[in-house]
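Biologist: I should like to learn how to read empty space, burial and backbone angles in a model. Please take the features one at a time.

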Amino acid sequence: MGSVLIDGIGELVTNDPAAGDGSPLGLVRDAAVVVDGGRIAWAGDRPGAPGADERLDAGGRAVLPGFVDSHSHLVFAGDRSAEFAARMSGQRYDGGGIALTVRATRDASDAVLRRLVARRVAEMRAQGTTTVEIKSGYGLTAGQEARALRIAGEFTAEVTFLGAHVVPPGVARRDYVDSVTGPMLDACSPLARWADVFCEPGSPHAFDSDESREILTAAARAGLLLRVHGNQLGPGPGARLAVELGAASVDHCTYLSAGDVSALAASETVATLLPGVEFSTRSPYPGARRLLDAGVTVALATDCNPGTSCTSSMPFMIALAVREMG
């Protein structure tokens, strides 16, 4: 692959405050970019651009870095439109609808799931997402979770084992935790980079603090990096547990105490906010400005899923974050 000069850029976002206008976005106007071997080799003012093997004219358009969607559930079949209608009439979300998607996903063939994931990833690409994380979590058996991870791995390297999404109906909690930390983990850890757990003691479907710690500790021993679903449905231990175990992120963060915020600020754990969920469930938005002012590293993601945030649009997440979350 030869080098490519992209010029005619009306406005370039570098995210380098030392570049361009000196703002946090590092805006450069009348700009150019050189790509070589699939990587950005140079960026700056158009008159100073080096030569390249090929030239593309951006025609005065803006150029900015691709979005990173670090939380999505793309391997699923079916829909939960009835659940959405129920929430719009005032019913509260508690995580129970996940079981409906589990049934539909188990019934779908590999070819159908692959086609659905491809369509969803294409939607993301069209809206500027260039890196996407994809979780399992709608199989909830060793074979079904491994199948979901294999399909997800065809589309991204950022694959997350979420066998601990919910406890399936009709399965004893202790038996299911033993499965997630035993045969299911054995089958799935070679296929994933990350492990995640839905830590919500207030939900009858999710996992409490002790169960979550056990699952995450086993995943870490198996060589997986950690993430946590936490503090979505009410105050809880998710954020503190993520910090304690050195998880890369705690996602949702809808209900955080002052102690949670302080713990996150003193750690390297990212608070990933998912405003599409609050939009769809009519829940309060997380206090993003409070987190930023405290020094917490904050990320945004879509949580694209069939029940609580059925959208693949990072631009929509950004719009919600600016308008609703400061």
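**Cavities and the helix beside one**

Modeller: The lining of the second largest cavity divides by class into four nonpolar, three polar and one charged residues. Here Ala, Val, Leu, Ile, Met, Phe, Trp, Tyr, Cys and Pro count as nonpolar, Asp, Glu, Lys and Arg as charged, and the others, Gly among them, as polar. The model is predicted, so local features need pLDDT of at least 70 and side-chain atom pairs pLDDT 80 or more, while totals for chains, interfaces and linings use all residues. Residues are numbered from 1 along each chain as its sequence is written, and side-chain values use heavy atoms, with hydrogens and water left out.

Biologist: How many cavities of 30 Å³ or more does a search of the whole structure find?

Modeller: Rolling a probe the size of a water molecule over the atoms shows where empty space is left. On a 1 Å grid over the protein atoms alone, a cavity is a set of points where a 1.4 Å probe fits but cannot get out, and a pocket is an open set with protein on both sides within 12 Å along at least five of seven lines; lining residues have an atom within 4 Å of a point. Grid points are joined across faces, edges and corners, and a volume is the space filled by probe spheres set on the points. The search finds two such cavities, and the second largest has a volume of about 50 Å³. Its lining consists of Val-75, Thr-105, Leu-113, Tyr-138, Gly-139, Gln-144, Arg-147 and Ala-148.

Biologist: Which helix gives the most to the lining of the second largest cavity?

Modeller: Helices (H or I, at least four residues) and strands (E, at least two) are DSSP runs, numbered from the N terminus. Helix α4 (residues 142-153) gives the most, three residues. The expected span of a helix is 1.5 Å times one less than its number of residues. With twelve residues, α4 reaches 16 Å from its first C-alpha to its last, close to the 16 Å expected.

Biologist: Which residues of α4 are buried?

Modeller: Buried means under 20% relative accessible area, exposed over 50%, and partly exposed in between (1.4 Å probe, protein chains only). In α4 the buried residues are Gln-144, Glu-145, Ala-146, Arg-147, Ala-148, Leu-149, Ile-151 and Ala-152. Their cover includes α2 (98-107), α3 (110-126), β8 (134-135), β9 (159-164) and α6 (183-188).

**Positive phi**

Biologist: Where does Leu-140 lie?

Modeller: Leu-140 lies in the loop between β8 and α4. Its phi is near 65 degrees, a positive value in a residue other than glycine. With a relative accessible area of 5%, Leu-140 is buried. Asp-30, in strand β2, also has a positive phi for a residue other than glycine, near 50 degrees. Asp-30 counts as partly exposed because its relative accessibility is 38%.

**Two buried residues**

Biologist: With what is Tyr-176 in contact, leaving aside its neighbours within four places in sequence?

Modeller: Contact means heavy atoms within 4.5 Å. Beyond those neighbours, Tyr-176 touches Leu-140, Gly-163, Val-166, Val-167, Pro-168, Val-171, Met-184 and Phe-207. Tyr-176 belongs to helix α5 (residues 173-181) and counts as buried because its relative accessible area is 3%.

Biologist: What does the side chain of Thr-311 reach?

Modeller: A polar contact is a pair of N or O atoms within 3.5 Å; within protein, one must be able to donate a hydrogen and the other to accept it, and residues adjacent in sequence count only if both atoms are side-chain atoms. The Thr-311 side chain reaches the backbone nitrogen of Ser-313 at 3.2 Å. Thr-311 is found in the loop between β14 (298-300) and α12 (314-325), and at 19% relative accessible area it is buried. Leaving aside neighbours within four places in sequence, its contacts are Thr-302, Cys-304, Phe-316 and Met-317.

**Pockets**

Biologist: Which residues lie nearest the centre of the largest pocket?

Modeller: Of the 19 lining residues, Asn-15, Leu-25, Phe-67, Leu-300 and Ile-318 lie nearest the centre. The largest pocket holds about 520 Å³ of space, and α12 gives the most to its lining, with four residues. By class the lining has 15 nonpolar, three polar and one charged residues.

Biologist: What comparable account holds for the second largest pocket, and how many residues line it?

Modeller: The second largest pocket, with about 270 Å³ of space, is lined by 14 residues, of which Leu-12, Val-13, Val-33, Ile-40 and Val-63 lie nearest its centre. The largest share of this lining, four residues, comes from β1.
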